[in-house]
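Work through the exercises below with the sequence and the 3D structure at hand. Try each task before reading its solution.

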Amino acid sequence: MDEAVLFVLACPLPGGRGPAYLLHQVGGVGCVLAYTDLDRLVECCGEHQPWLAIRIDALMADLRDQRLPGPVVNLPLSTDVRWGADGPPWDLAALAAAGDGGGSAG
(Lines give C-alpha, C1' and ligand atoms only; values in the text may rest on other atoms or scores of the structure.)
Protein backbone atom coordinates (compact mmCIF):
# COMPACT_ATOMS: atom_id res chain seq x y z
CA MET A 1 0.00 0.00 0.00
CA ASP A 2 1.26 3.49 -0.86
CA GLU A 3 2.07 5.97 1.89
CA ALA A 4 -0.70 8.53 2.47
CA VAL A 5 0.10 11.95 1.03
CA LEU A 6 -1.38 15.43 1.15
CA PHE A 7 -1.04 18.05 -1.55
CA VAL A 8 0.27 21.18 0.18
CA LEU A 9 0.16 24.72 -1.17
CA ALA A 10 3.73 25.81 -1.84
CA CYS A 11 5.70 28.06 -4.14
CA PRO A 12 9.25 28.42 -5.41
CA LEU A 13 11.40 30.91 -3.51
CA PRO A 14 13.24 33.59 -5.49
CA GLY A 15 16.88 32.81 -6.20
CA GLY A 16 16.35 29.07 -6.62
CA ARG A 17 16.26 28.42 -2.85
CA GLY A 18 13.65 25.69 -3.23
CA PRO A 19 9.96 25.64 -2.36
CA ALA A 20 8.25 27.14 0.69
CA TYR A 21 4.85 26.44 2.17
CA LEU A 22 2.29 29.11 1.43
CA LEU A 23 0.61 30.33 4.60
CA HIS A 24 -2.99 31.56 4.51
CA GLN A 25 -4.95 33.22 7.27
CA VAL A 26 -7.43 30.89 8.96
CA GLY A 27 -9.10 32.42 12.00
CA GLY A 28 -6.33 35.02 12.24
CA VAL A 29 -3.51 32.44 12.15
CA GLY A 30 -1.20 31.85 9.18
CA CYS A 31 -1.68 28.14 8.44
CA VAL A 32 -0.36 25.62 5.96
CA LEU A 33 -3.15 24.41 3.67
CA ALA A 34 -3.33 20.88 2.31
CA TYR A 35 -5.68 18.92 0.07
CA THR A 36 -6.57 15.25 0.02
CA ASP A 37 -6.32 14.91 -3.77
CA LEU A 38 -5.41 16.99 -6.79
CA ASP A 39 -8.99 17.34 -8.02
CA ARG A 40 -9.96 18.87 -4.67
CA LEU A 41 -6.93 21.21 -4.77
CA VAL A 42 -7.88 22.48 -8.24
CA GLU A 43 -11.53 22.85 -7.19
CA CYS A 44 -10.55 24.85 -4.08
CA CYS A 45 -7.54 26.82 -5.40
CA GLY A 46 -7.70 26.97 -9.18
CA GLU A 47 -5.65 25.25 -11.83
CA HIS A 48 -2.51 27.41 -11.48
CA GLN A 49 -1.79 26.90 -7.78
CA PRO A 50 1.67 25.38 -7.16
CA TRP A 51 1.82 22.50 -4.70
CA LEU A 52 3.98 19.75 -3.21
CA ALA A 53 2.92 16.15 -2.60
CA ILE A 54 4.16 15.23 0.87
CA ARG A 55 3.73 12.10 2.97
CA ILE A 56 1.55 12.95 5.94
CA ASP A 57 4.11 11.78 8.51
CA ALA A 58 6.86 13.86 6.89
CA LEU A 59 4.59 16.91 6.67
CA MET A 60 3.60 16.69 10.33
CA ALA A 61 7.25 16.34 11.39
CA ASP A 62 8.23 19.33 9.23
CA LEU A 63 5.41 21.48 10.62
CA ARG A 64 6.45 20.59 14.19
CA ASP A 65 10.11 21.38 13.43
CA GLN A 66 9.20 24.75 11.89
CA ARG A 67 6.51 25.46 14.50
CA LEU A 68 3.94 26.04 11.78
CA PRO A 69 0.22 25.58 12.36
CA GLY A 70 -1.81 23.26 10.24
CA PRO A 71 -2.43 21.62 8.06
CA VAL A 72 -5.91 22.93 7.42
CA VAL A 73 -7.38 20.45 4.95
CA ASN A 74 -9.56 21.06 1.86
CA LEU A 75 -10.24 24.75 2.52
CA PRO A 76 -11.47 26.70 -0.53
CA LEU A 77 -9.48 29.87 -1.23
CA SER A 78 -11.16 33.13 -2.14
CA THR A 79 -10.56 34.12 -5.74
CA ASP A 80 -8.45 37.16 -4.77
CA VAL A 81 -5.66 34.95 -3.36
CA ARG A 82 -5.64 32.30 -6.08
CA TRP A 83 -2.69 32.04 -8.44
CA GLY A 84 -3.40 32.89 -12.07
CA ALA A 85 -1.70 31.93 -15.31
CA ASP A 86 0.76 34.81 -14.70
CA GLY A 87 1.65 33.71 -11.16
CA PRO A 88 0.63 34.77 -7.66
CA PRO A 89 -1.58 37.72 -6.79
CA TRP A 90 1.32 39.24 -4.77
CA ASP A 91 5.01 40.03 -5.29
CA LEU A 92 7.03 36.97 -4.14
CA ALA A 93 10.35 38.83 -4.24
CA ALA A 94 9.01 41.54 -1.92
CA LEU A 95 7.66 38.93 0.51
CA ALA A 96 10.97 37.06 0.52
CA ALA A 97 12.87 40.29 1.13
CA ALA A 98 10.55 41.09 4.05
CA GLY A 99 11.30 37.67 5.57
CA ASP A 100 7.91 36.09 4.85
CA GLY A 101 8.27 32.42 3.83
CA GLY A 102 5.38 32.52 1.43
CA GLY A 103 2.20 34.28 0.55
CA SER A 104 0.54 34.80 3.88
CA ALA A 105 -2.47 36.24 2.15
CA GLY A 106 -6.06 35.40 2.37
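The three exercises below concern a predicted model.

**Exercise 1.** Find where Asn 74 is placed and which residues it is in contact with, leaving aside its neighbours within four places in sequence.

Solution.
- Step 1: Look between strand 6 (72-73) and helix 3 (92-97); Asn 74 is in the loop there.
- Step 2: With neighbours within four places in sequence left aside, Asn 74 is in contact with Ala 34, Tyr 35, Thr 36, Arg 40 and Cys 44.
- Step 3: For Thr 36, look at the backbone nitrogen, which lies 3.1 Å from a polar atom of the Asn 74 side chain.

**Exercise 2.** Decide whether Cys 44 is buried or exposed, and work out why its sulfur has no bond to the closest cysteine sulfur.

Solution.
- Step 1: The relative accessibility of Cys 44 is 1%. Buried means under 20%, so Cys 44 counts as buried.
- Step 2: The closest cysteine sulfur to that of Cys 44 belongs to Cys 45, at 5.8 Å.
- Step 3: A disulfide needs two cysteine sulfur atoms within 2.5 Å, so the sulfur of Cys 45 is too far from that of Cys 44 for a bond.
- Step 4: By this rule, the count of disulfides is zero.

**Exercise 3.** Locate Gln 49, and state whether it is buried or exposed.

Solution.
- Step 1: Gln 49 is in the loop that lies between helix 1 (38-45) and strand 5 (51-55).
- Step 2: Gln 49 counts as buried because its relative accessibility is 3%.
- Step 3: Beyond its neighbours within four places in sequence, Gln 49 is in contact with Leu 9, Ala 10, Leu 22, Leu 41, Leu 77 and Trp 83.

Technical notes. Residues are numbered from 1 along each chain as its sequence is written. This is a predicted model: local features need pLDDT of at least 70, side-chain atom pairs count only at pLDDT 80 or more; totals for chains, interfaces and linings use all residues. Side-chain values use heavy atoms; hydrogens and water are left out. Helices (H or I, at least four residues) and strands (E, at least two) are DSSP runs, numbered from the N terminus. A polar contact is a pair of N or O atoms within 3.5 Å; within protein, one must be able to donate a hydrogen and the other to accept it, and residues adjacent in sequence count only if both atoms are side-chain atoms. Contact means heavy atoms within 4.5 Å. Buried means under 20% relative accessible area, exposed over 50%, partly exposed in between (1.4 Å probe, protein chains only).
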